[in-house]
Amino acid sequence: MGAFIGLPPSLIETYGSDIKKVYKANGVPIYLGLVTMFLSAFVHLMITCIVIVLLAPILFEATLPTQLPFFFLALAIYIIVSLSIGSVLGLTIKNQAKLTMIAQLVFLPSIMLSGIMFPIDLLPDFLETIGCIFPASWGYKLMLDNGFYLENLWYPILVFFVAVIVCGIFLKKQKVK
């Protein structure tokens with residue numbers, strides 16, 4: 001949720017206001033705003049997730065993943081991919097109200113159709129197939145015990161690189177203006 005609803009408004013605020021002009025006037029590369037917000041959001045989301053994972057056994061009697069390093073690596077990949085999609089949203093949509101609606105339209109189906117909220121087997125086949133479009137289903141598969149392998153990794157990597165290319169294109173357009 002932080003990647004889709006938290007990061008994009010900050011990008012609109014930076015790249016849709018006079019802050020962008022301050023960057024240019026001081027010789028700061030235009031991409032630096034995106035990079036710093038991306039890294040900041042990543043660190044904050046990782047810290048939040050680490051706290052949740054460590055408190056879940058105490059508060060909810062949950063069991064920890066058997067392979068914690070792979071779990072946190074998968075979590076980091078999922079957060080990075082989600083932040084890259086949020087970055088695309090923040091750079092492409094200029095209106096705050098539209099951004100909020102579109103971010104929710106991306107976030108809610110991705111969580112509801114991924115298997116995170118309830119078992120994917122409860123969904124009809126066509127909704128399960130639609131859920132595979134969203135990186136949340138792939139991130140969830142990665143985070144499951146013994147789920148960290150290339151078959152579950154290729155799609156998040158593809159989405160990340162496409163998002164990086166789209167962000168690069170939009171940042172170049174920012175530079176021209």
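The following exercises, each with a worked solution, concern a predicted model of a protein.

**Exercise 1. The overall fold**

Determine how many helices and strands the protein has, and state the pattern along the sequence.

*Solution.* Begin with the count: the secondary structure comprises eight helices and zero strands. Next, follow the chain from its beginning; the pattern reads α-α-α-α-α-α-α-α.

**Exercise 2. Dimensions and packing**

Establish what radius of gyration a compact globule of 177 residues would have, and compare the protein with that value.

*Solution.* A compact globule with 177 residues would have a radius of gyration near 16 Å. The protein has 18 Å, which agrees with that expectation. The extent can then be described along the principal axes, where the C-alpha trace spans about 55 × 35 × 30 Å. As to the interior, 39% of the 177 residues are buried. Finally, consider the contacts with a separation of 6 or more: residues 24 or more positions apart account for 66% of them.

**Exercise 3. Surface and charge**

State the accessible surface of the protein and the share of carbon and sulfur atoms in it; then find how far apart the mean positions of the positive and negative charges are.

*Solution.* The accessible surface amounts to about 10,300 Å². Carbon and sulfur atoms contribute 74% of this surface. For the charges, there are 10 positive and 8 negative ones, and their mean positions lie 28 Å apart.

**Exercise 4. The setting of N152**

Locate N152, decide whether N152 is buried or exposed, and identify what surrounds N152.

*Solution.* The residue belongs to helix α8, which covers residues 150–176. Its relative accessible area is 5%; because buried means under 20%, N152 is buried. Setting aside residues up to four places away in sequence, N152 touches W138, K141, L142 and G147. Concerning G147, its backbone oxygen lies 2.8 Å from a polar atom of the N152 side chain. Among the other partners, W138 and L142 are themselves buried residues of α7.

**Exercise 5. Helix α7 and its surroundings**

Explain why helix α7 is described as largely enclosed by the rest of the structure.

*Solution.* Helix α7 consists of residues 135–143. Seven of its nine residues are buried, so the helix is largely enclosed by the rest of the structure. The buried residues are P135, A136, S137, W138, G139, L142 and M143. M143 can be followed further: the C-alpha atoms of F72 and M143 are separated by 7.8 Å, although the two residues are 71 residues apart along the chain. F72 is situated in helix α4, and, residues up to four places away in sequence not counted, F72 touches M46, I50 and V53.

**Exercise 6. A loop compared with a helix**

Characterise E61 and T63, and set T14 beside them.

*Solution.* First, the loop between α3 (31–60) and α4 (68–92) contains T63, and E61 is also placed in the loop between α3 and α4. Second, both residues are exposed, with relative accessibilities of 71% for E61 and 73% for T63. Third, phi of E61 is near 55°, a positive value in a residue other than glycine. Fourth, T63 and L34 are 29 residues apart in sequence and 36 Å apart in space, C-alpha to C-alpha. T14, by contrast, lies in helix α1, residues 2–15, and counts as buried at 7% relative accessibility. Apart from neighbours within four places in sequence, T14 is in contact with I19, K20, Y23 and M37.

Note on methods. Residues are numbered from 1 along each chain as its sequence is written. This is a predicted model: local features need pLDDT of at least 70, side-chain atom pairs count only at pLDDT 80 or more; totals for chains, interfaces and linings use all residues. Side-chain values use heavy atoms; hydrogens and water are left out. Helices (H or I, at least four residues) and strands (E, at least two) are DSSP runs, numbered from the N terminus. Buried means under 20% relative accessible area, exposed over 50%, partly exposed in between (1.4 Å probe, protein chains only). A polar contact is a pair of N or O atoms within 3.5 Å; within protein, one must be able to donate a hydrogen and the other to accept it, and residues adjacent in sequence count only if both atoms are side-chain atoms. Contact means heavy atoms within 4.5 Å. The radius of gyration is taken over C-alpha atoms; the globule rule is 2.2 Å times the number of residues to the power 0.38. Accessible areas come from the Shrake-Rupley method with a 1.4 Å probe; for residues, only the protein chains shown count as cover. Lys and Arg count as positive and Asp and Glu as negative; His and the chain ends are not counted. The place of a charge is taken as NZ of Lys, CZ of Arg, CG of Asp or CD of Glu.
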